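Trainee: Please take a close look with me at how helices pack against one another here, and begin with where the coordinates call for caution.

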Amino acid sequence: MASGSVESLALDQLPTALLATIMTKLDISSICSMAVTCRTFNSCASHILSFLPNFHILEISPSMGLMKPLLPPNPYLKSLKLDCGQLNDSSVELLLRPSLQELCLHNCSDFSGKLLSEIGSRCKDIRSLYLGSVAEKRGRAILISDLEELLGGCTQLEELYLMFDLSLFLRHNFARVWALASEKLTSLEIGYISSVMVTELLSPNVGPHLYPNQIQPSILPGIQKLLLAVDYITDTMVSTISKGLALLTHLELRDAPLIEPRVTFDLTNSGLQQINQHGRLKHLSLIRSQEFLSTYFKRVNDLGILLMADNCANMESICLGGFCRVTDTGFKTLLHSCSSLYKLKVCHGSQLTDLVFHDIAATSLSLTHVSFRWCNLLTNHAIRSLVCNTGLKVLDLRGCKNLGDEALPAISSLRELKMLQLDNSDITDAGMAYLRHGIISSLISLSVRGCKKLTDKCISVLFDGSSKLELQELDLSNLPNLSDNGVLALAKSQVPISELRLRQCPLIGDTSVMALASMRVDDDRGHGSSLRLLDLYNCGGITQLSFRWLKKPYFPRLRWLGVMGSLNRDIVDALARNRPYLHVACNGEELGTDPWNNIDGSYMHDYEELDELEQWLQEGEWESDDEEMEAAEEAEDVIPWILLGTSVFIIAF
């Protein structure tokens, strides 16, 4: 009897206080998903929005009209994270609350510098601030006074991420403004700044009201983590950072020269010797990007690495990119000097060979993250030596053209491996069989982009008859022999892939799109339901027919789509209008990467289970316009934000 009573008790009959307590443990999308189910949940959801501590929506870009009902007055709001792609200065008053301690605003291109100044005046208690792409639209501007009000007003700031171009500010005022920054600031990341501005900022001789012989301590003395993208990495800048920031534990510097740097604007052996003067540095990344010019650190050789290694015995993570004159001697010194090293990344190491790893088993290293991108001299022997680090979780061998099938048995022994990237290697379908019998069940991300010898058979070799897989990201781009038959086999395997890249595959056509659109995973609701990113750029067989399968109700979770804009621009534009929260890329850009936050040119995401937002999106997909109208008539007292929340996700896909 008692058991029957419990079973008949509906969830919406629970006490309001208990329901509110339960709902406050959910994220905002889950709360909205519950709110549209019944009046009781609706009422409770509208109530808890006035005291919810966290409000996070980064999966879509909500409009101002949708945000207003979702953000009522709330003195308890501590953390706000939003994609601001559809917002501008008019939403400042709605977003900025005095109670905020964490604020993360992405894609703020339509905001002006007013956003910075208003944060400084309204959010005095903020601890962590992330601002992306501020004022990047034409006609928007940021004044030095805006930055001054931000830094002067946020006196409790501990973490600051300004992911936009700061080099446009006047240099003679820049250091003076930063002198106002919070003494509690420990982490700083800047999207772009000139090396001269960095040097002047951190030099210990700037500041207001100084006498001629008076030396002021360095600005930002509490910084422990510094990440900068600059025009040139120079000796002067590196020396200034190393001397001025005594507490520094994490340093990432990346440059992308437009012209070949002169000696005064370059990094040399002398600059490397200055690194880690205070002995606290644990993580170091020095990357010369090839984004604009094929250039390298030509003034650094083995001697510079030897000098740096003397100060880096306690280093845990080292990333080096563009050190073309460093040989096995230099790299081997790092491996034998840094006994705590767990992450090693080298890109464009043109003189790195197998000899570096000949006796790696004799070291005490326990590497978990290894990347050797475009290190063309490495062969299968290096990989066989490297896998003595059985705890490897990430192995990036992109551009290592001399790697072939002989390396795959060794790689297949790495049972903890989560990410494997073998782009442009010499592997074949036969070699892929080793992965199936070894690590395919543990992999979360696999990339074989540009492996010209792979055919449709590699798909069946990897996935036919496999047990339940965790694979979420698969890159099959630039495979000239991959056809629709391979994609059909992939769809048939029902692997729950969320990101699939097929760009530059000339034999991929409409049949592949139809197969993916019809694919179901674990009886999940919706066709093609697991895919969030699909890159079909420059696939030879894609026609207008594919766009019929890219409409609702197919691919309900798709957020990123890459296609050829020249296919039929009207159709592409119509699809973008029909699914306003789907990012359609037509110019060949890589999907799903943040250019401001991609310090080493690679990308890796946190791998989590599908969140409640996706479930909400998917459920909304199946309601027709008529059903939506009927629901509105039956529930006239439903608060507007619920109706808006439902509508936006119905049209989103």
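**Confidence, then helix packing**

Mentor: Over residues 1–8 the pLDDT (the predictor's confidence in each residue, from 0 to 100) stays under 50, and the model has zero contacts beyond four places in sequence for this stretch, a contact being heavy atoms within 4.5 Å. This is a predicted model, in which local features need pLDDT of at least 70 and side-chain atom pairs count only at pLDDT 80 or more, whereas totals for chains, interfaces and linings use all residues. Residues are numbered from 1 along each chain as its sequence is written, and side-chain values use heavy atoms, with hydrogens and water left out. Residues 595–653 also stay under 50 in pLDDT, yet for them the model has 124 contacts beyond four places in sequence. Where pLDDT is low, the predicted coordinates should not be read in detail. For the protein, the mean pLDDT is 85, and 84% of the residues reach 70 or more.

Now to the helices, which are DSSP runs (H or I, at least four residues) numbered from the N terminus. Helix 9 (residues 171–178) and helix 10 (residues 195–202) have axes, lines fitted to C-alpha atoms over the stretch in contact, that come within 9 Å and cross at roughly 45°. These two helices are therefore oblique to each other, since angles under 35 degrees count as roughly parallel, over 145 as roughly antiparallel, 65 to 115 as roughly perpendicular and the rest as oblique. The crossing of helix 9 and helix 10 is right-handed (the near helix is turned clockwise from the far one by less than a right angle; anticlockwise would be left-handed). From helix 9, R171, F174, A175 and W178 meet V196, M197, E200 and L201 of helix 10. Six of these contact residues are nonpolar, none is polar and two are charged, where Ala, Val, Leu, Ile, Met, Phe, Trp, Tyr, Cys and Pro count as nonpolar, Asp, Glu, Lys and Arg as charged, and the others, Gly among them, as polar. F174 and W178 also form one aromatic cluster together with F169; seven aromatic pairs (Phe, Tyr and Trp ring centres within 6.5 Å, using the six-membered ring of Trp) are found in the whole structure.

Set beside this, helix 7 (residues 114–122) and helix 8 (residues 144–153) have axes that come within 7 Å and cross at roughly 25°, and they are therefore roughly parallel to each other. Helix 7 passes helix 8 in a left-handed crossing, with K114, L116, S117, I119 and G120 meeting D146, L147, E149, L150 and G153. The residues of that contact divide into four nonpolar, three polar and three charged.

How values were computed:
Phe/Tyr/Trp six-rings, centres within 6.5 Å; stacked < 30°, edge-to-face > 60°. Axes fitted to C-alpha atoms, helices over the stretch in contact; angles between N-to-C directions.
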